[in-house]
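Subject: Structure handover

Hello,

Here is the structure for your files, with the sequence. My notes on what was found follow below.

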Amino acid sequence: AIKSITNVYKERHEKREKNPGVYSGYMTDYNIGTNIFTASLYVGKLKEFILEEYLPLAQSIILSENEDIFEKNRHIKLLTYLLMVEKDETIKRSIIDSIHKAKEIKYFEPHYIGEIKFRNKMDLDINVVMFDVIAGIIKYEDALCIYLEDAIKSPNNIGEILDCLSTLNEFCVNKNDDILDKLFIIFIFSYEINDLDVRIDTIIMSNVFVGSKYEERVLEILEKRLENMVFEECKGYIQLIMNIDKDKRNIYSTIIEKLKNNKNYYVKYMASKYL
């Protein structure tokens, strides 16, 4: 599968290079996913293919003046996961150098054709910050300070911040009080934004507070919202609960009960099916 999807990336990249300033969106979005970048899978022929075929293509995409920010961010995220499993320092340095050079590439707003997912330069910078934490260049605490500043300056970019936080929270397992304090501020800030996708992502990221000093406060916020939530938000609640080990789901017992007894039939159906 990774070979066929890489070929799709290559074909699309070649088209964009031949048509400077024009970005064509596609009805079908392909993603090779991050599961292949695990110690058990990143071996043998798969590793060889990634290093010889995918990596050069990804570097070409993120360093291109003709590629869209959304496409660059996709590959920065994938290269972040690649960095987690690659041991060769020369290869790691090559990846790091490419990511940092991407910030210097001239960016212009292209002419869009078809379905697109618009992102701007700040979204790219947000992804580079995430990458730098994984690369050990900056501390997670410092990254959160940057994200807080970005969120205040440009709330429209909070979705990308939450997306990157999902990776960082998975990678940075041990979180001190300083990290939790900043995450809680981001949670409160993003939870109040009037954007359904952001609200769902915020609900999902709240699992980081399980077992922390903020657990009770976050649960109160999530439970109160159940009274006026729209149907789409139940997806966030369900994913939040499903991401938690079953032996810890009792902390969400009130939420589960309210979902299963919600006045909206579809919410009750989804909750009963998955929880």
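**Salt bridges**

Arg16, Glu67, Glu71 and Arg74 are joined to one another in a network of salt bridges. Please keep in mind that this is a predicted model, so what follows describes computed coordinates.

Within that network, Arg74 bonds to Glu71 through a salt bridge whose closest N and O atoms are 2.9 Å apart. Both residues belong to helix α3 (residues 69-85), where they are three residues apart, or about one turn of the helix. Arg74 counts as buried, at 7% relative accessibility, and Glu71 is buried as well, with a relative accessible area of 5%.

Helix α3 also takes part in a contact with another helix: Lys77 lies in α3 and Asp163 in α7, so their pairing ties together parts that are 86 residues apart in sequence. The contact is a salt bridge, with the closest N and O atoms 3.5 Å apart. Lys77 is buried, with a relative accessible area of 17%, while Asp163 counts as partly exposed at 34% relative accessibility.

A further salt bridge joins the side chains of Glu233 and Arg225, at 2.7 Å from N to O. Glu233 is buried, at 1% relative accessibility; Arg225 is partly exposed, at 23%. The count for the structure comes to 15 salt bridges, and the ones described here are among them.

**Aromatic rings**

How many aromatic pairs are there? The count comes to nine. One of them is Phe184 with Tyr214: the ring centres are 4.2 Å apart and the planes are at 10°, so this pair is stacked. The stacking cut-off is an angle under 30 degrees between the planes. The pair links distant parts of the chain, 30 residues apart, with Phe184 in helix α8 (residues 177-191) and Tyr214 in the loop between α9 (196-205) and α10 (215-225). Both rings belong to buried residues: the relative accessible area is 13% for Phe184 and 16% for Tyr214.

Tyr265 and Tyr266 make an edge-to-face pair, because their ring centres are 5.4 Å apart and their planes are at 75°. In contrast to the buried Phe184, Tyr265 is exposed at 55% relative accessibility, and Tyr266 is exposed at 54%.

Phe184 and Tyr214 also belong to a cluster linked by ring pairs, together with Phe187, Tyr191 and Phe209. A charged residue sits on one member of this cluster: Arg199 lies over the face of Tyr191, 4.6 Å from the ring centre.

**Surface**

Which residues form a nonpolar patch on the surface with Tyr265? They are Tyr266 and Tyr269, and the three together have about 400 Å² of accessible area. Tyr269 is found in helix α13 (residues 265-274). Tyr269 counts as partly exposed, at 42% relative accessibility.

Elsewhere, Asn156 is located in the loop between α6 (140-153) and α7 (158-171). Asn156 is exposed, with a relative accessible area of 77%. Glu52 is 104 residues from Asn156 along the chain, and the C-alpha atoms of these two residues are separated by 37 Å.

**Cysteines**

How many disulfides does a search of the whole structure find? The answer is zero. A disulfide needs two cysteine sulfur atoms within 2.5 Å. For Cys172, the closest cysteine sulfur is that of Cys164, and at 12 Å the distance is too far for a bond. Cys172 is buried, with a relative accessible area of 13%. Cys234 is also buried, and its relative accessible area is 0%.

**In short**

The points I would look at in the viewer are these:

- the network of salt bridges formed by Arg16, Glu67, Glu71 and Arg74;
- the salt bridge between Lys77 and Asp163, which ties α3 to α7;
- the stacked pair of Phe184 and Tyr214, with Arg199 over the face of Tyr191;
- the nonpolar surface patch of Tyr265, Tyr266 and Tyr269;
- the sulfur of Cys172, 12 Å from the closest cysteine sulfur.

Regards

Terms used. Residues numbered from 1 in each chain as written. Predicted model: local features only at pLDDT ≥ 70, side-chain atom pairs only at ≥ 80, totals over all residues. Heavy atoms only, no water. Buried < 20%, exposed > 50% of the residue type's maximum accessible area, 1.4 Å probe, protein only. Patch = residues over 30% accessible without salt bridge, like charges linked within 9 Å, V, L, I, M, F, W, Y side chains within 5 Å. Areas by Shrake-Rupley, 256 points an atom, 1.4 Å probe, with all protein chains shown as cover. Salt bridge = Lys/Arg side-chain N within 4 Å of Asp/Glu carboxyl O. Helix = DSSP H or I, 4+ residues; strand = E, 2+ residues; numbered from the N terminus. Phe/Tyr/Trp six-rings, centres within 6.5 Å; stacked < 30°, edge-to-face > 60°. Lys NZ or Arg CZ within 6 Å of the ring centre and 35° of its normal.
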